[in-house]
Amino acid sequence: MSRGKQKRADYILYYKPNLPIALVEAKDNHHAVGQGMQQALEYADMLDVPFVFSSNGDGFLEHDRTGLSPTPERELRLEDFPSPEELWHRYCQAKGFTPDLIPVITWPYYADAGGKEPRYYQVNAINRTLEAIAKGQSRVLLVMATGTGKTYTAFQIIWRLWKAGVKKRILFLADRNILVDQAKTNDFKPFGGTLTKVVHREVDPAYEVYLALYQALTSADEKKDIFKQFPPDFFDLVIVDECHRGSAAEDSAWRDILDHFQSATQIGLTATPKETADVSTRDYFGEPVYTYSLKQGIEDGFLAPYKVVRIDLDKDLAGWRPEKGQVDKYGREIEDRVYEQRDYDRHLVLEQRTELVARKVTEFLKATDRMAKTIVFCEDTEHAERMRSALVTANPDLCARNRRYVMRITGDDPVGKAELDNFIDPASEYPVIVTTSKLLSTGVDAQTCKVIVLDQNIQSMTEFKQIIGRGTRLREDYGKQYFTLIDFRRATELFADPAFDGVPEQVYSPGDDEPPVPPEDRAPPGEPSPEGVRFPRDERGHGDRVKYVVGNVPVFVVAERIQYFGSDGKLITEELRDYTRTKVRQAYPSLDAFLERWTQAESKRAVLDELAEHGVIFEALEKMVGPGYSPFDLVCHVVFGQPALTRKQRVDQVLQRQVLSPYSEPARAVLEALLDQFANGGLEDLEDKQALRLPPLAKLGTPLELIRRFGGVEPYEAAIRRVEEALYKAS
């Protein structure tokens, strides 16, 4: 899926630093006064701004989005542009703000020394939440895609309510230690001495902001529930992180905590509201006051896009049936039936299948980047251990270099769990590949994870979206601009489900009297549980399912294909060459039109960004045409049928034509270094002065010193244009 470009409005007018109130889109006076209105309305919808203006310098066209005006649009003279006080009064009137609510709505954000500010969608989420609370709403739901900063958003909500004196004692609940610890050391750090984490099952009522695990506040013995040491009215505000999990179920111990503090305002945070016949996030928290989706995050350029590698195995597609009386490697007779993909690693282990998956993952990493942080999702902890062992066998060289190259990180393994912080730390090289079952599927901020391997049967859309979320963080400073999904279980077919990027329909019916299904009769997640069918038990009587292990059944790859997704989030089903040709010709109908844009563009990077916005996937084109070609040649060859020259051939062309001969030796050294970077694929835009900071050029001097070799900025820019003209000239 291609990454979108961040949008920029011309002018955003703020009544307060945290309150955008109007937007102005400006054109020159060769345009009509309303020329920019449609674009402005698109931005205003994203920014949740009530008043929109378009101007050509001679006047304004105003669009009132509050719904109070009988005529939404009107033309204004320049001198009639409304004052901030007038717009604020109209805004408060539309929102129904009373004087006692305004201090809550207008309280400023926390501003850190680094100048970090909330992104536009975080501003929307924070302001929508504060408005709801100020109006007396006691249950609030925020839906924000993984990687979009839910914890930071929660901090700013708490900070403003706390500073305004509206909420004096706050409880932040999560179900993973790492989530609480990350919040304490990062986003919540400004609370200083007023902040505490509940540990050792001890409660100290002297603090104002509490961070806690659900598990730290509850107990199997209700009489020992720690949260009951707090009076029911102790907290004014409860924030529930990952609220789609235990707190969504009526009969959970986690819900007991929320019920105990029912007088407090409660905010649920999730990327994936859970809506099933038994559990409903929205039944408890209500409809989301704001939703920011994965698709929107990618389109806005805040989240990493993805590509999918689908690998189908023969035994997964055709199934496997044992011969009569066949026993597994432990001498147990295998139940005679056809075993399908959903059975593997849950009821039946095909050891050669595990080995094949490990080999294919290793092949992919060897072809791309063997140090790319990778998560392999397995059926259970035992499968995760077998996969760890198979990956160690497939990577003996790197495992010999460092034993932590491959590790299992599961809830039952303290050694692996101790490495979780190192895996998610961008600065920590090891572990590189981790195998897991459930532990890493939610809440873990693995910012530099570049590869997600799915060898787990996933039927829950909630779980699928959570797993995908492990890869959506952008870290371009660590070379992460997208991530790859390697799918062995056809789980990525869920991308085609309309519910993937939408709010799930509420199907929960509170008050149903059906008795719960006994635990022993429940099917594994994603599997049907036919009436009267029970899964076989092992001979130890521990209640575990029998898991047959077979080592002599060969498994083969039937199909392997790379799937790409367009900027609209939909799978590209047509042939890549035709898809690219269609997309490029929408912007540039002819080769001449493309060459004219390329030649006249102030920056080649701007043209490449435009092509990416239109859906061109340069990485895919390079795989199709071959390595060593620049994006310019890929487009000219694939779209317009021109002969393609490699980067090196283009550089040789420049040198053979003696293009550099007019320049002094010091200046030639700079141009030769730039061309060398281009030839090696490390530079796309010679005009970008940041290229002068690349290591090979930095050795020659500072950017200012290098430019002085040409006699100043203008002669330097003229030299670059001359070199580029020769570089892209037809041979």
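Which residue in β19 is the bridge partner of V451? In this predicted model, the partner turns out to be T484, and that pairing is a handy way into the strands around β19. Strand β18, covering residues 449-454, runs parallel to β19, and the two are joined over 4 bridges. Strand β13 (residues 306-313) is also parallel to β19, this time with 5 bridges. Here Y306 is the residue that stands opposite F483.

What about the two faces of β19 itself? In a regular strand, side chains take turns between the two faces of the sheet. In β19, F483, L485 and D487 point one way, T484 and I486 point the other way, and all of them are buried. That fits the overall count for the strand, residues 483-487, where 5 of 5 residues are buried.

A similar picture comes from strand β10, residues 237-240. L237 and I239 sit on one side, V238 and V240 on the other, and all four names are on the buried list, leaving both faces covered. Strand β7 (residues 170-174) pairs with β10 in the parallel sense through 4 bridges, and F172 has I239 as its bridge partner there. Strand β11, residues 265-270, is likewise parallel to β10, again over 4 bridges. In that pairing V240 is matched with G268 of β11.

Some of these strand residues turn up again in the largest nonpolar core, which has 100 residues; those touching the most other members are F172, F188, F191, L454, F464 and L485. Helix α4, residues 120-134, gives the most to this core, with 9 residues. As for F191, setting aside neighbours within four places in sequence, its contacts are F155, I158, W159, W162 and V209. Another core lies apart from the largest one; it holds 46 residues, including V635, V639, Y663 and I720.

I720 leads on to helix α27, where it is one of the buried residues, together with Y716, A719, V723, E724, A726 and L727. These residues lie on the same side of α27, because they cover an arc of only 160 degrees around the axis. The general background is simple: an α-helix has 3.6 residues a turn, so residues three or four places apart point the same way. Turned away from the buried side is a face that carries the exposed residues E714 and E725. On the buried side, the packing partners are α20 (604-613), α23 (647-656), α24 (665-679) and α26 (703-708). The length of α27 checks out too: with 15 residues (713-727) at 1.5 Å a residue, the helix should span 21 Å, and its end C-alpha atoms are indeed 21 Å apart.

Zooming out, the chain has 27 helices and 21 strands. Of its 731 residues, 52% are buried. Among contacts between residues at least 6 apart in sequence, 70% join residues at least 24 apart. As for cysteines, a search of the whole structure comes up with 0 disulfides. C92 counts as buried, because its relative accessible area is 8%, under the 20% cut-off. C636 is buried as well, with a relative accessible area of 5%.

Note on methods
Residues numbered from 1 in each chain as written. Predicted model: local features only at pLDDT ≥ 70, side-chain atom pairs only at ≥ 80, totals over all residues. Heavy atoms only, no water. Expected span 1.5 Å × (residues − 1). Buried < 20%, exposed > 50% of the residue type's maximum accessible area, 1.4 Å probe, protein only. Arc of directions from axis to C-beta. Contact = heavy atoms within 4.5 Å. Disulfide = S-S within 2.5 Å. Core = buried A, V, L, I, M, F, W, Y, C linked by side-chain atoms within 4.5 Å. Pairing = 2+ DSSP bridges.
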